[in-house]
Amino acid sequence: KKSRMEHTSILGRHPVFRHSTRALQRRLTAHTSIATLNVGLGVFAGRRFFNHETLIDIEQRLAQLERKRIPLDRAARTSVTGATDKNDRHIQPRRAAVLVPLCTRLGQPHVLFTKRSENLHLHKGEVSFPGGKEEDADSNDPVVTALRETQEEIGIAGSAVRVLGLYHDSLSKTAIPVTPVVGYIGDWESIQAQLTPNPDEIGQIFSLSLAELTDETKQEWQTWKPSYAWRGGLRLKTFTAGPYPVWGLTAYILDKLMAEVLL
């Protein structure tokens, strides 16, 4: 009989939430010259984690992954009700892609997030990574999709993003396969002038440091209920350090990516 945590691997079809605090401390110590580390606010304080060497390391880790790609036909079978538009017409399934925007802010490694506009029909008010569904012109390339959507939503041009690699596909709550594209967008102070949120889609842009995201006092467990989840939904981590909670698929991708690649 599988545990509740093991059932959450339906999203990416691989084990998650393996890294305990003690295991993470051992892993970090192995990759740094620091003898003793405390997971929480002190882990990355005063250390410029996203420098040339560490970005190369992230690229290599992503390249070495046996990346799990969800076929569209499997996503369609997973959906309980089938995807329809507002007129209840069947929608041909499409992929989606998001950019996981890494940046450096005040010398510390940060991850950028967006809060969706309250005027949207779907996902209004939710915290997410920039991204969206692919278009025909994207030629089935998740990098093209993620960079195009990022420029449309927050104004950062694709040429300003150093693409580090692709992470495992996951299913959105409506059973759409989502490919995370990990990219570095530079120093927050340098890109701030370029950040122009599209008011039709984005209500706010903010960032959280890896120190804040790994602070266990600012994490909660909540039940997420995608359309394909049975038995009451999936129990996933929620990050509460910022002005708005990071939860659902965004938190799921972030949690796995930090454990497997970023930390």
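Biologist: Which residues of helix α5 are buried?

Modeller: This is a predicted model, in which local features need a pLDDT (the predictor's confidence in each residue, from 0 to 100) of at least 70 and side-chain atom pairs count only at pLDDT 80 or more, while totals for chains, interfaces and linings use all residues. Residues are numbered from 1 along each chain as its sequence is written, and side-chain values use heavy atoms, with hydrogens and water left out. Helices (H or I, at least four residues) and strands (E, at least two) are DSSP runs numbered from the N terminus, and buried means under 20% relative accessible area, exposed over 50%, partly exposed in between (1.4 Å probe, protein chains only). In α5, the buried residues are Thr145, Ala146, Leu147, Arg148, Glu149, Thr150, Glu153 and Ile154.

Biologist: How far apart are the end C-alpha atoms of α5?

Modeller: The expected span of a helix is 1.5 Å times one less than its number of residues. Helix α5 (residues 142-154) has 13 residues, so it should span 18 Å. The end C-alpha atoms agree with this, being apart by 18 Å.

Biologist: Which residue just after α5 takes a positive phi?

Modeller: At the start of α5, a side-chain oxygen of aspartate 141 comes within 2.9 Å of the backbone nitrogen of valine 143. Just after α5, a positive phi of about 85 degrees is taken by glycine 155.

Biologist: Which element gives the largest share of the largest nonpolar core?

Modeller: A nonpolar core is a set of buried Ala, Val, Leu, Ile, Met, Phe, Trp, Tyr and Cys residues joined through side-chain atoms within 4.5 Å. The largest has 39 residues, and those with the most contacts inside it are Leu62, Leu102, Val111, Phe113, Leu210 and Leu213. Elements giving two or more residues to this core include α3 (52-64), β1 (96-105), β2 and α8. The largest share, 9 residues, comes from α8.

Biologist: How many of the residues of α8 are buried?

Modeller: Helix α8 (residues 248-262) has end C-alpha atoms 19 Å apart, in agreement with an expected 21 Å for its 15 residues. This helix is largely enclosed by the rest of the structure, because the buried residues of α8 number 14 of the 15.

Biologist: With the side chain of which residue does the side chain of histidine 110 make a polar contact?

Modeller: Histidine 110 lies in strand β2 (residues 108-116) and is buried, with a relative accessible area of 9%. Leaving aside neighbours within four places in sequence, histidine 110 is in contact (heavy atoms within 4.5 Å) with residues including Phe50, Leu102 and Ser207. A polar contact is a pair of N or O atoms within 3.5 Å; within protein, one must be able to donate a hydrogen and the other to accept it, and residues adjacent in sequence count only if both atoms are side-chain atoms. At 2.9 Å, the partner side chain is that of serine 207.

Biologist: Is threonine 238 buried or exposed?

Modeller: Threonine 238 is placed in strand β10 (residues 234-239). Among the residues it touches, beyond those up to four places away in sequence, are Lys218, Pro245 and Trp247. Its relative accessible area is 1%, so threonine 238 is buried.

Biologist: In which element is confidence highest?

Modeller: The mean pLDDT of the protein is 78, with 70% of its residues at 70 or more. Over residues 1-47 pLDDT stays under 50, and over residues 80-90 it is also below 50. Confidence is lowest in helix α1 (residues 4-7), at a mean of 36, and highest, at 98, in strand β5.
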